[in-house]
Amino acid sequence: MGDPVYDVVLLLHVSSAVIGFGALAVTGWSVGAPGPARAEIERLRRFFRPGRNGPARAVFLVPVLGGILLALGHGSDVSKPFPWIGLGIWLVAASLASGVVWPAERQVQRLVALEPEARLSRGW
């Protein structure tokens, strides 16, 4: 049987990846959807309420917890390709989140917060 501390950190690592990347995917899907019908504005207002997307920020825990896993494994996996491939994928995803998804999310937050007349004048 494995080390219980390692197992807990592994569970947290996987959970933060699923929550963080899942939240980014849902946000990206919602931002990329075609212009909403008037009936969907309230749904969008709830989803894109002002503030930061907390669950998506869990993505920043993934490499931290991955590093802890490497340390807990006494460096046995450091020479293998999978941690470095995973880190590369994470860097691409975090860059897209920071440069594309979160700025678009802030723009949608501003648009859905506008009064109905202002939304209509912008094509909504």
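This is a short dialogue on reading a few features of a predicted model.

Biologist: What should I know about the model before I start?

Modeller: The model is predicted, so local features need pLDDT of at least 70 and side-chain atom pairs count only at pLDDT 80 or more, while totals for chains, interfaces and linings use all residues. Residues are numbered from 1 along each chain as its sequence is written, and side-chain values use heavy atoms, with hydrogens and water left out.

Biologist: Which residues make up the largest nonpolar core?

Modeller: A nonpolar core is a set of buried Ala, Val, Leu, Ile, Met, Phe, Trp, Tyr and Cys residues joined through side-chain atoms within 4.5 Å. Buried means under 20% relative accessible area, exposed means over 50%, and partly exposed is in between, with a 1.4 Å probe and protein chains only. Here the largest core has 11 residues: Ala 17, Ala 23, Leu 24, Ala 56, Val 59, Val 62, Trp 90, Ala 94, Ala 97, Val 101 and Trp 102. Helix H1 (4-32) and helix H5 (81-113) are the elements that give two or more residues to this core. H5 supplies the largest share, five residues. Helices are DSSP runs of H or I with at least four residues, and strands are runs of E with at least two, numbered from the N terminus.

Biologist: What does Ala 56 touch?

Modeller: Contact means heavy atoms within 4.5 Å. Ala 56 is found in helix H3 and counts as buried because its relative accessibility is 0%. Leaving aside neighbours within four places in sequence, Ala 56 is in contact with Gly 20, Ala 23, Leu 24 and Trp 102. Ala 56 and Gly 22 are 34 residues apart in sequence, yet 7.5 Å apart in space, C-alpha to C-alpha. Ala 17, with the same neighbours up to four places away not counted, touches Gly 22 and Val 62.

Biologist: How many aromatic pairs are there?

Modeller: Rings of Phe, Tyr and Trp (its six-membered ring) pair if their centres lie within 6.5 Å; planes under 30 degrees apart are stacked, over 60 edge-to-face, and the rest tilted. The count is two aromatic pairs. Phe 60 and Trp 90 form an edge-to-face pair, 6.4 Å centre to centre with 75° between the planes. Phe 60 lies in the loop between helix H3 (54-57) and helix H4 (61-72) and Trp 90 in helix H5, so this pair ties together parts that are 30 residues apart in sequence. Phe 60 and Trp 102 form a tilted pair, 5.8 Å centre to centre with 45° between the planes. Trp 102 lies in helix H5, so this pair ties together parts that are 42 residues apart in sequence. Phe 60, Trp 90 and Trp 102 form one aromatic cluster.

Biologist: Are Phe 60, Trp 90 and Trp 102 buried or partly exposed?

Modeller: Phe 60 is partly exposed because its relative accessible area is 37%. Trp 90 is buried at 13%, and Trp 102 is buried at 6%.

Biologist: Where is Asp 77?

Modeller: Asp 77 lies in the loop between H4 and H5. Its relative accessible area is 18%, so Asp 77 is buried. Not counting residues up to four places away in sequence, Asp 77 touches Leu 70, Phe 82 and Pro 83.
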